Amino acid sequence: MSTGGTTRRASFSRHLVRPVPVGNLVGAALAYYYASLTMAEKLARAFPLFKSLGVVACVLATLAGGGMLLRRLRVLRGLERGDLSPSSENLARAAVEATSAADATFVKSLMMWLGSTVVLGVLVSTVGGVGWRAGMGVACLGLLFGPITALLVHCMVTLRARQVVLWLSELGLSHSQIVSAMPRRAQIRVRLVLFTAIAVVTPAVLSSNLASALAEHAYEAVLATPEPQQAQRVQELRMEALTSGGALCLLVFGLALTTAYLGGTLVGRPIRQLADEARRIADGNLATPRLIPAEDEVWGVSAAFAMMRAHLADVLSQLQRAGAQISATTEEILATSGRYEAGAAEQASSLDETSATTEELARSARQIAENAGSVAEIAQRTLGAAQGGQGSAEAFLASMSRMRNDNQAIASAVTRLNKRVQQIGKIVEFINGVADKSDLLALNAELEGTKAGEVGRGFSLVAAEMRRLAENVLESTKEIEGLIEEVREASRAAVAATEGGVRATETGTSLAQQVSESLKQILDLAGQTSDAVRSISLATQQQQTGTDQLADTMADILRITQQSLNATKQVSTANGDLLVLALDLRNVVERFQISQPPPRSEG
């Protein structure tokens with residue numbers, strides 16, 4: 001806080017207590033003046049005692065009143081000394097103490113006046129020996145000056161309590177906390193009646209008593225004056241009464257007027273400030289909230305006004321934010337609507353093209369469905385052809401198996417024949433050897449027959465024939481060997497051909513098996529193709545139905561898009577109107593200033 005704020009914080013309690021001695025001293029001075037005019041002769045020799053006791057009583061009452069008031073301000077003094085932290089709770093309790101100090105001061109000041117004057121009257125009457133009537137006159141001073149003095153102190157303390165409340169708000173006590181902490185009592189009627197009674201009755205009674213006392217004093221003085229000097233004495237007493245009594249009456253009425261002024265200020269200042277606040281709010285200035293302390297019903301009005309102003313500021317702040325947000329949002333919506341309108345137009349054009357494309361797709365789907373039916377028929381025929389090919393392949397495979405078996409039998413027969421030919425060759429070789437030996441024997445026999453002469457001629461002839469026979473056999477065996485060799489060559493060729501046939505039949509059998517397996521796979525694939533083609537045909541028919549529905553749906557979408565485009569144009573127009581209204585709302589709400597920092601409140 002600033003230095004001024006620290007000084008104020010340190011003088012809270014003294015600021016509230018200071019009117020107590022001031023008001024009581026003013027009342028005591030008037031009471032002494034009044035007593036000196038009305039009771040000086042009645043008190044006679046006890047008047048000095050009255051003055052001394054009066055001063056002592058005034059000092060003691062003033063000190064006692066200030067002390068009792070300070071004891072009531074415990075939280076406020078704790079904040080001044082730093083014993084208590086300036087929390088919201090402590091500040092609120094200090095505000096309650098400050099606002100209730102005025103009523104407590106009024107009651108205590110009145111009680112001290114009554115008590116001190118009664119004690120003073122008793123002392124004067126007993127110690128001073130002036131009698132009980134003079135003592136009652138002294139005691140009545142409390143009834144004459146106590147209420148108006150207590151009322152003066154009450155008004156000054158109330159005005160200072162309002163300043164203390166404002167200073168507490170500067171320490172961190174919010175307006176809402178002050179409103180909730182300070183009581184709202186319906187006592188203004190009682191206060192006004194009491195105020196009027198005190199401010200009117202006290203001067204009237206004082207004037208009446210003063211006039212009676214001065215008249216009695218003048219009457220006694222005139223009677224005590226010799227008759228020739230009575231007229232002059234009356235003029236002197238009249239001037240004395242006018243000067244002394246008039247001055248006292250002026251002072252008493254001045255005190256009453258001062259009290260009336262302060263009382264009017266207590267009621268009028270908050271109402272005037274409320275009127276100023278109302279005019280300021282009407283001008284649109286909500287940026288400097290002010291707390292207007294008051295009492296009773298006026299405080300209720302001030303508190304309600306403060307709450308209304310806070311709520312109004314919140315509402316207007318929300319309206320400002322909402323207006324700005326509505327304006328910005330409306331501008332965005334307007335821009336978005338423009339973009340959406342352009343997009344809707346493009347979408348409508350695209351949907352028109354899409355609708356035409358969808359119709360073309362529907363025609364293509366119908367053609368595909370027809371072609372899919374034809375393909376299904378072809379796939380069925382392919383399946384039948386594959387089944388027939390598989391049967392032929394199986395028959396071919398059986399023929400090749402039989403051919404392989406036959407070739408294997410031929411190969412076995414040729415092998416056996418080759419073995420027999422080899423045996424025949426061995427036999428021919430044996431015959432050939434026998435023929436060679438026979439030829440050699442026949443030659444030897446012929447030679448021996450020639451040697452024998454005539455006797456051996458026959459033997460020679462037989463030997464010659466045997467030799468020719470052996471030669472013929474040799475030639476025959478040679479021919480047989482040639483034939484055997486040819487048979488061998490033919491057998492080898494037959495064996496080679498048979499082995500080639502066997503290999504060829506095995507290869508053919510393997511190929512036939514592969515063809516049969518391939519035909520089985522073709523048959524399976526043809527079956528799957530047929531099933532797939534049927535599925536495709538069914539799906540194509542469903543696609544044709546769906547494509548027809550899609551074409552109808554695209555037509556509906558195109559129609560709805562056209563309607564949406566028209567609605568978007570209407571929305572754009574409405575958004576333009578809304579933008580104008582939002583700008584008008586923002587212009588109206590911006591008349592109210594609610595974002596400036598609040599200035600320092602006045603007392």
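## A salt bridge in helix α11

Asp 276 is partly exposed, with a relative accessible area of 31% (buried means under 20%, exposed over 50%, and partly exposed in between, with a 1.4 Å probe and protein chains only). The side chain of Asp 276 meets that of Arg 279 in a salt bridge, with 2.1 Å from N to O. A salt bridge here is a side-chain nitrogen of Lys or Arg within 4 Å of a carboxyl oxygen of Asp or Glu. Because they are 3 residues apart in helix α11 (residues 230-282), Arg 279 and Asp 276 are separated by about one helical turn.

The structure is a predicted model, in which local features need pLDDT of at least 70 and side-chain atom pairs count only at pLDDT 80 or more, while totals for chains, interfaces and linings use all residues. Residues are numbered from 1 along each chain as its sequence is written, and side-chain values use heavy atoms, leaving out hydrogens and water.

## The other salt bridges

A search of the whole structure finds 3 salt bridges. Another of them also belongs to helix α11, where Arg 280 and Glu 277 lie 3 residues apart, about one turn of the helix. The side chains of Arg 280 and Glu 277 meet at 2.5 Å, N to O, and both of these residues are buried.

A further salt bridge joins the side chains of Arg 81 and Asp 83, at 2.8 Å from N to O. Arg 81 and Asp 83 are both exposed, whereas Arg 280 and Glu 277 are both buried.

## The chain as a whole

The secondary structure of the chain comes to 13 helices and 0 strands (DSSP runs numbered from the N terminus: helices are H or I with at least four residues, strands E with at least two). Read along the sequence, the pattern is therefore a succession of α elements, numbered from the N terminus.

Of the 603 residues in the chain, 36% are buried. Contacts (heavy atoms within 4.5 Å) often span long stretches of sequence: among those between residues at least 6 apart, 85% join residues at least 24 apart.

## Two nonpolar cores

The largest nonpolar core has 36 residues, and those with the most contacts inside it are Tyr 34, Leu 43, Phe 50, Leu 141 and Phe 145. The elements that give two or more residues to this core are α3 (19-38), α5 (47-72), α7 (88-127), α8 (132-170), α10 (188-224) and α11. Helix α8 provides the largest share, 12 residues. A second, separate core has 35 residues, among them Leu 16, Leu 73, Ala 161 and Leu 171. A nonpolar core is a set of buried Ala, Val, Leu, Ile, Met, Phe, Trp, Tyr and Cys residues joined through side-chain atoms within 4.5 Å.

The surroundings of Leu 43 can be described individually. Residues up to four places away in sequence are not counted, and Leu 43 touches Phe 50, Val 124, Val 130, Ala 134 and Val 138.

## Helix α6 and its two faces

In helix α6 (residues 74-81), Val 75, Leu 76, Gly 78 and Leu 79 are buried. They lie on the same side of α6, because they cover an arc of only 160 degrees around the axis (taken from the directions from the helix axis to the C-beta atoms). The face of α6 turned away from this buried side carries the exposed residues Arg 74 and Arg 81. Arg 81 is also the partner of Asp 83 in a salt bridge. Gly 82, just after α6, takes a positive phi of about 85 degrees.

## Three individual residues

Ser 109 has its place in helix α7. At 1% relative accessibility, Ser 109 counts as buried. Apart from residues up to four places away in sequence, Ser 109 touches Asn 24, Ala 150 and Val 153.

Two prolines are partly exposed. Pro 48 lies in helix α5 and has 45% relative accessibility. The C-alpha atoms of Pro 48 and Gly 128 are separated by 9.5 Å, although these residues are 80 apart along the chain. Pro 183 is found in the loop between α9 (175-181) and α10, with 36% relative accessibility. Leaving aside neighbours within four places in sequence, Pro 183 is in contact with Thr 99 and Trp 299. Pro 183 and Thr 99 are 84 residues apart along the chain, and their C-alpha atoms are separated by 8.8 Å.
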